[in-house]
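Q: Could you take a close look at one part of this structure for me? I'd like to hear how it's packed and what surrounds it.

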Amino acid sequence: TARLEQGLNMPSRTTGQRQVCAALTEGAKNLAEVETRIEKWAAGATKLSGDAKGKILEYAWWMKKQGYAESTIRGRVSIIKTLARRGANLYDPESLKETIAIQKWSPGRKENAVIAYSGFLKMAGGTWNPPRYKRIEKLPWIPLEEEVDQLIAGCSRRVATFLQLLKETGIRPGEAWHLRWTDMDFEKAVVYVTPEKGSNPRVLKISNSLIAMLKALPKRSQYPFRSGQLRHYQGGFRQQRKRIASKLGNPRIDMITFKTLRHFKATMEYAKTKDILHVMRLLGHKKIENTLKYTHLVDFKSDEFVSKVAETAEEACKLVEAGFEYVCTTPEELLLFKKRK
């Protein structure tokens, strides 16, 4: 522990605060907003010592300089603060092991805690023999389309539009959150997606109904949705979701999250096309292993379909937007569509 404290340059409370302030000031004149967020993430624990707060703040700033996403920084800082509050000595890896071991957390969260502290040690020049925790992989839960539509119909205009975008495109919530008005081409009916988490950029089609919903939103900034932080937006969504689930007497609706709609889109797209490479491109995955799980969510035993006939191009467009796929043109020059029940 003494050697690690020396390697971590364990400061006195006053000296540590001065070092942190100097590190933040240097080269960060144009990052005042980022600094403010990082300080809030790291300094929100009233029960932490000044030294611990300072070191966590230094860790947050180190991750920012290394190019980590803000969501990753926030998550890792939160875990380190929680462990410190619950008695872990950040300068003693064995103390961290003990504290993680006694938590009533899932293996996945304990694995995240190990990753977070490993990063902390990397920043500080320390090492440890990390414990082994392995998350249990589960297949994502998929709601019925009727339940998704009921949720969208019951939400506020802005939240409903956000949900409809996620449902139609399968993009990540963060990707949708950072979309700008200039990323949308209403003439071509597409959105240009800047990827998250090392994914591929995509150009994705959107429906005329979604375009109408987007056009109805006020243009108060360059972003149709982004204002404040996504996690606060999620909090407001959860309140609306709970109210709708209670009103309809369906607790399954209260299980639908932003990420659920990505899983929903991938599953429905694979059920319709049976083309796993198409789904991989849609989601922006670089590894097909991340996409293959959706093949286990589709039951091809049922061959029951709903059939619809379109007499005009407008009717055909509406059927396609509703998820129907074209089958053929009849001798009477009618367009035949089908959709799996």
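What follows is a walk around helix α9 and the nonpolar core it belongs to, with a side trip to another helix pair.

A: Sure, and keep in mind that this is a predicted model. For orientation, the chain has 15 helices and six strands, and 43% of its 341 residues are buried. If you count contacts between residues at least 6 apart in sequence, 61% of them join residues at least 24 apart.

Now to α9 itself. This helix has 13 residues and spans 18 Å from its first C-alpha to its last, close to the 18 Å you'd expect at 1.5 Å a residue. It's mostly covered, with 11 of the 13 residues buried. The buried set takes in nonpolar residues such as Val159, Phe162, Leu163, Leu165 and Leu166, but Gln164, Lys167 and Glu168 are on the list too. Right after the helix comes glycine 170, which has a positive phi, near 75°.

What does α9 pack into? The largest nonpolar core has 38 residues, and Phe162 and Leu163 are the ones with the most contacts inside it. Several elements supply at least two residues each: α8 (145-154), α9 (157-169), α10 (173-177), β2 (190-193), α11 (208-215), α12 (230-248) and α13 (258-273). Of these, α9 gives the largest share, six residues. That fits a broader habit: in soluble globular proteins, nonpolar side chains tend to be buried together.

Zoom in on Phe162 and you can see who its partners are. Setting aside neighbours within four places in sequence, Phe162 touches Pro173, Ala176, Trp177, Phe225, Leu230, Tyr233 and Phe258. Three of those partners are themselves phenylalanine or tryptophan: Trp177, Phe225 and Phe258.

There's another core apart from this one, with 26 residues, among them Met63, Val77, Ile79 and Trp128. Ile79 also turns up where helix α5 meets helix α7, so to speak the side trip I promised. The axes of α5 (residues 70-85) and α7 (residues 107-124) come within 9 Å and cross at roughly 95°, which makes the two helices roughly perpendicular to each other. On the α5 side the contact is made by Arg76, Ile79, Ile80 and Leu83, while α7 brings Asn112, Ala113, Ile115, Ala116 and Tyr117. Sorted by type, the residues of that contact are seven nonpolar, one polar and one charged.

Note on methods
Residues are numbered from 1 along each chain as its sequence is written. This is a predicted model: local features need pLDDT of at least 70, side-chain atom pairs count only at pLDDT 80 or more; totals for chains, interfaces and linings use all residues. Side-chain values use heavy atoms; hydrogens and water are left out. A nonpolar core is a set of buried Ala, Val, Leu, Ile, Met, Phe, Trp, Tyr and Cys residues joined through side-chain atoms within 4.5 Å. Buried means under 20% relative accessible area, exposed over 50%, partly exposed in between (1.4 Å probe, protein chains only). Helices (H or I, at least four residues) and strands (E, at least two) are DSSP runs, numbered from the N terminus. Contact means heavy atoms within 4.5 Å. Axes are lines fitted to C-alpha atoms, for helices over the stretch in contact, and angles run from 0 to 180 degrees between N-to-C directions. Angles under 35 degrees count as roughly parallel, over 145 as roughly antiparallel, 65 to 115 as roughly perpendicular and the rest as oblique. The expected span of a helix is 1.5 Å times one less than its number of residues.
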